[in-house]
Amino acid sequence: MHAKVELEITVTYKAQVVVSGDFKGINDPRIDQVAKEVADNMDHGNWGYKNSEFETLNVKQLSDGLSGNHISLLQCGYPEENVLKMSDEEAEGELDAISMG
């Protein structure tokens, strides 16, 4: 059996930034806003990866009649509606084109 599963993936990072400004103490909400802007403008590669969370949103069983070529295209991210319109030979040709590209 093959199934198409839609996931929502939330990736969490941890970063430290230094902010400066005319703040009214550490509880000033503007500190959070400035810190978010600084973090967003920094090199995201410097953010420390913490974890990833996965939530399943939808599961759909795929037709048993799909060939391995069709399944491979779906696994590559091709839209299901396009893949289902292809013959096995067309799907194989598309996979060949991907491997040559």
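**View 1. Polar contact between Glu80 and Lys60 in the predicted model.** The side chains of Glu80 and Lys60 form a polar contact at 3.0 Å. Glu80 belongs to helix α3, which covers residues 80-84. Its relative accessible area is 9%, so Glu80 is classed as buried, the limit being under 20%. With residues up to four places away in sequence left out, Glu80 touches Lys4, Lys60, Leu62 and Leu74. Lys60 is thus listed both as a residue touched by Glu80 and as the partner in the polar contact.

**View 2. Surroundings of Leu74.** Not counting residues up to four places away in sequence, Leu74 touches Glu80. Under the same exclusion, Leu62, Leu66, Pro79 and Val83 are also touched by Leu74. Among these residues, Leu62, Leu66 and Val83 are, like Leu74, members of the largest nonpolar core.

**View 3. The largest nonpolar core.** Nine residues make up this core: Leu62, Leu66, Ile71, Leu73, Leu74, Val83, Met86, Ala91 and Leu95. At least two of its residues come from each of α2 (68-75) and α4 (88-100). Helix α2 supplies the largest share, three residues. In soluble globular proteins, nonpolar side chains tend to be buried together.

**View 4. Asp28 and its contact with Arg30.** Asp28 sits in the loop that links β1 (3-14) to α1 (29-41). Its side chain makes a polar contact with the side chain of Arg30 at 2.7 Å. Is Asp28 buried or exposed? Asp28 counts as buried because its relative accessibility is 8%, where buried means under 20%. Once neighbours within four places in sequence are set aside, Asp28 is in contact with Asp22 and Phe23.

**View 5. A nonpolar surface patch.** Val5, Leu7, Ile9, Val11, Tyr13, Tyr49, Phe54 and Val59 make a nonpolar patch of about 790 Å² on the surface. The elements giving two or more residues to the patch are β1 and β2 (48-61). Strand β1 gives the most, with five residues.

**View 6. Val11 within the patch.** Val11 is located in strand β1 and is one of the residues that make the nonpolar surface patch. The relative accessibility of Val11 is 38%, so Val11 counts as partly exposed; the partly exposed class lies between the buried limit of under 20% and the exposed limit of over 50%.

Definitions and conventions. Residues numbered from 1 in each chain as written. Predicted model: local features only at pLDDT ≥ 70, side-chain atom pairs only at ≥ 80, totals over all residues. Heavy atoms only, no water. Helix = DSSP H or I, 4+ residues; strand = E, 2+ residues; numbered from the N terminus. Buried < 20%, exposed > 50% of the residue type's maximum accessible area, 1.4 Å probe, protein only. Polar contact = N/O pair within 3.5 Å; in protein donor to acceptor, adjacent residues only side chain to side chain. Contact = heavy atoms within 4.5 Å. Patch = residues over 30% accessible without salt bridge, like charges linked within 9 Å, V, L, I, M, F, W, Y side chains within 5 Å. Areas by Shrake-Rupley, 256 points an atom, 1.4 Å probe, with all protein chains shown as cover. Salt bridge = Lys/Arg side-chain N within 4 Å of Asp/Glu carboxyl O. Core = buried A, V, L, I, M, F, W, Y, C linked by side-chain atoms within 4.5 Å.
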